[in-house]
Amino acid sequence: MKLKIQVTNDSGVRVDIKEFREGEHYEVLGKRKIKLLRRVWFLWNGNWIFINSGFIYNGASIPKVFWFVIGEPSEQKFALASLIHDYLYMMKADRNQADSTFRKLLDWAGVNGRRVALMFWAVRAGGWWFYR
């Protein structure tokens, strides 16, 4: 699956992005609270899906005990992957595909391979709790 990510700019036009940036695309309100500042569009299974600006999500669900190994939930490199993953879970999209998309988005953001694998297997092992 090829990733295609767009945001709505100040003029209301959809533009491709190569990086999801704090302050421009989202705002961190707390360690586990992030607010989307612009509408995000992503191509998923051949369909464009959008998430409206103002959407609040919790960032990556990383237990605090693992922050020193993986990073904090609101880190920029996890922001887009956790946004889309949380949204897909909320919409009850296919869990396997949502988790696979999460992994691809972490790669897209430049997260190193070990962290990507660790975070992917963590959502596979514990994601069912949030997906129910």
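Student: Which residues are linked with Glu 19 in a network of salt bridges?

Tutor: In this predicted model, the network of salt bridges joins Glu 19 to two other residues. One of its contacts is the pair Glu 19 and Arg 21, whose closest N and O atoms are 3.5 Å apart, and that lies inside the 4 Å cut-off for a salt bridge. The residues linked with Glu 19 are Arg 21 and Glu 24.

Student: Is Arg 21 buried, partly exposed or exposed?

Tutor: A residue counts as partly exposed when its relative accessible area falls between the limits of 20% and 50%. Its salt-bridge partner Glu 19 has 39% relative accessibility and is placed in that class. Arg 21, at 32% relative accessibility, is likewise partly exposed.

Student: Which residue forms a salt bridge with Arg 124, and where does that partner lie?

Tutor: The closest N and O atoms of this pair are 2.5 Å apart. Arg 124 sits in helix H4 (residues 113-131), and the pair links distant parts of the chain, 25 residues apart. Arg 124 is partly exposed at 24% relative accessible area, whereas its partner is buried at 0%. That partner, in helix H3 (residues 95-108), is Asp 99.

Student: How far apart in sequence are the parts that the salt bridge between Lys 4 and Asp 16 ties together?

Tutor: The closest N and O atoms of Lys 4 and Asp 16 are 3.0 Å apart. Lys 4 lies in the segment before strand S1 (5-8) and Asp 16 in strand S2 (residues 14-16), so the parts tied together are separated in sequence by twelve residues.

Conventions:
Residues numbered from 1 in each chain as written. Predicted model: local features only at pLDDT ≥ 70, side-chain atom pairs only at ≥ 80, totals over all residues. Heavy atoms only, no water. Salt bridge = Lys/Arg side-chain N within 4 Å of Asp/Glu carboxyl O. Helix = DSSP H or I, 4+ residues; strand = E, 2+ residues; numbered from the N terminus. Buried < 20%, exposed > 50% of the residue type's maximum accessible area, 1.4 Å probe, protein only.
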